[in-house]
Every structure is written in structure tokens, then in C-alpha cells.
Amino acid sequence: MIVTCIGKLNIDFNYSVDTIEIGKNHVSENVETSIGGKATNIAVALQKLGIQTQLIANIGDDELGTRAISQLQSFGVIPLINVKPGTRTGFTFIVVEGDGKNTMFNYPGANGMLCAEDIAMHEKTVKSSDLIFYQVGAGESDEIISYLKTLGKPIFLELCEYVEPKMLGGIDFVSLNEEEALKITNTLNTFEALSILLNLGIQNIFLKLGSKGSIYASKEKITYGEPYTVDSIDTTGAGDAFSAGCIYGILNNFSVENILSFANKCGALTCTRKGTTTAFPTIEEVQKFKN
């Protein structure tokens with residue numbers, strides 16, 4: 001099995017502090033760098049679960065871009081990377097507080113230039129994949145979604161509020177969090193939001209509720225996934241680990257209940273370690289995890 005991931009490739013700078021105080025200076029005794037961006041995170045998380053992945057993304061012609069490709073390859077992800085001359089590679093500053101909460105500052109850089117033509121350059125390779133993951137909000141989302149629909153492959157979207165609702169008709173799978181669902185649908189009720197999204201034509205929805213667990217929704221059923229309690233030290237990347245877990249379950253024909261359980265385990269385990277890509281669990285760790 002192989003999954004093509006499309007979206008952002010960043011360099012993440014991770015800072016650890018006790019508490020963020022607005023207007024104050026902060027000193028971090030622990031600063032780490034890693035690759036990031038949702039599409040990158042999904043590619044690495046799936047790779048660690050034993051599924052081959054390839055990543056389509058844009059970088060700048062700078063040292064950060066060179067470092068990003070090298071780190072991507074170290075995880076076994078196949079890089080299908082477009083270098084945009086005269087631009088900078090995207091980067092994110094992530095400040096993690098003592099209770100595990102994170103605050104992010106993003107510079108999109110070359111990620112914002114991603115377009116359907118960048119993906120079409122790799123069309124033959126993309127068509128060989130079993131599923132396509134796309135991070136909505138990376139580049140020209142509406143144009144990219146329209147193009148992906150022409151490829152005849154299952155599509156899994158990581159949604160955010162920056163999407164035209166009419167583009168979601170016929171999409172096989174989406175993942176998003178509760179806040180995003182409410183913003184996209186302009187409602188204050190979670191189940192009303194799910195109903196609106198399904199009426200747009202989305203086939204399957206995986207809703208992330210953080211420490212409250214998760215929900216699967218389709219026209220036929222709504223299923224709740226119980227959370228796993230862990231000692232959280234860093235929530236960065238937990239949502240991406242969840243989405244990767246959903247994709248793993250889909251490709252392995254898990255039941256909905258087992259998909260939610262597996263994905264919740266992936267997210268919970270990620271919270272027990274600092275960082276993003278380095279924190280994602282292996283398939284052996286997920287299988288051994290008990291709560």
C-alpha cells in the first residue's frame with residue numbers, strides 16, 4: 001500500500017517554557033528542530049505505522065529546504081518536492097507550555113504557492129497510490145481539490161475553515177476538529193455541523209474532540225470513540241497522529257469502531273512525548289498500548 005500526501009513541508013522550531021506571558025521575555029532551555037506541516041506529519045506518521053508514503057510539497061531554494069528533504073528521507077518518505085526559486089521554505093515556531101499546551105507561529109513561505117500544476121507534474125506517481133491525502137489550506141485549495149477529483153482515487157481531506165463548502169461534494173473522507181467544524185458550517189452545535197457537512201456530500205467524517213475522544217459520522221451512523229487517558233507532556237501533532245491512524249484503519253479495512261480506537265491510541269501516545277515527527281508511535285507501540 002502507498003499513500004500520497006499533499007500539503008505543507010516546514011521546519012518546526014520547538015521551544016519549551018513553563019508558561020507564556022504576553023509582553024514578557026521568555027528563555028527556553030530546550031529548543032529542538034524537526035520537519036512539520038500537516039501533510040508532512042501524516043506522511044511520517046503513516047510511515048512509522050508501516051505504510052509507504054510519498055509527499056508532494058513546495059520548498060524554497062534555501063538551506064531550510066535542503067534540511068527538510070534530508071529529514072524527510074531519513075523517515076523513509078519518498079520526496080516529490082518542488083523547489084520554488086526566490087522563495088523561502090515555510091517554518092513554524094511552536095511554544096510548548098509546562099501543561100503540554102502549544103502555541104504556534106507560522107510562516108507559509110513556498111507552501112502558499114502550491115497549485116494543481118505542482119501536483120500534475122507527478123500525476124502518474126499519484127495515480128499509483130491507494131489513497132490521496134490533502135491538507136486543505138496549503139496552496140490553492142479549491143483548484144487542487146477539483147484536480148484531485150479527476151484522478152479516480154479515494155481522497156482524504158484534512159479540513160480547516162478555509163474551504164469553499166461546494167468543493168466538498170463527493171469527498172470520501174475528511175478529518176477535522178470540533179472548532180473547525182463549527183466555523184465551516186457557521187453553527188454552534190456539533191451535531192448540526194456534522195449534519196451540514198454530510199449534506200454537502202462528504203461520505204465519511206472523523207471529528208477530533210481532543211481529550212474528549214472522537215466521532216465518526218456518515219449518513220448511516222454516528223459512532224463515538226472513547227478517549228485514552230495519558231500523562232500529556234506535549235499535544236503537538238496529536239491531531240495529525242489521529243488522522244494517520246484513521247487512514248491506516250481505512251486501508252486495512254477496520255470497522256468504524258476499531259478505526260476510532262486505533263486512531264485515538266495514536267493521538268494519545270503522541271501526547272506522551274515531546275515534538276511531532278519524533279513523537280509519532282510505531283505500529284508495535286500502538287498494538288501494545290493499553291489504558
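**Salt bridges across the chain: worked exercises**

The side chains of K38 and D240 meet in a salt bridge (3.0 Å, N to O). A salt bridge here is a side-chain nitrogen of Lys or Arg within 4 Å of a carboxyl oxygen of Asp or Glu. This is a predicted model: local features need pLDDT of at least 70, side-chain atom pairs count only at pLDDT 80 or more, and totals for chains, interfaces and linings use all residues. Residues are numbered from 1 along each chain as its sequence is written, and side-chain values use heavy atoms, without hydrogens and water.

**Exercise 1.** Place K38 and D240 in the chain and classify their burial.

*Solution.*
- Step 1: K38 sits in helix α1 (residues 38-48), D240 in helix α8 (residues 238-251). Helices are DSSP runs of H or I, at least four residues, and strands are runs of E, at least two, numbered from the N terminus.
- Step 2: The two residues are 202 apart, so the pair links distant parts of the chain.
- Step 3: Apply the cut-offs: buried is under 20% relative accessible area, exposed over 50%, partly exposed in between (1.4 Å probe, protein chains only).
- Step 4: K38, at 29%, is partly exposed. D240, at 5%, is buried.

**Exercise 2.** Do the same for D118 and K84.

*Solution.*
- Step 1: Their closest N and O atoms are 2.8 Å apart, a salt bridge.
- Step 2: D118 lies in helix α3 (residues 116-120), K84 in strand β5 (residues 78-84).
- Step 3: D118 has 3% relative accessible area and is buried. K84, at 17%, also counts as buried.

**Exercise 3.** How many salt bridges does the rule count?

*Solution.* The count comes to nine.
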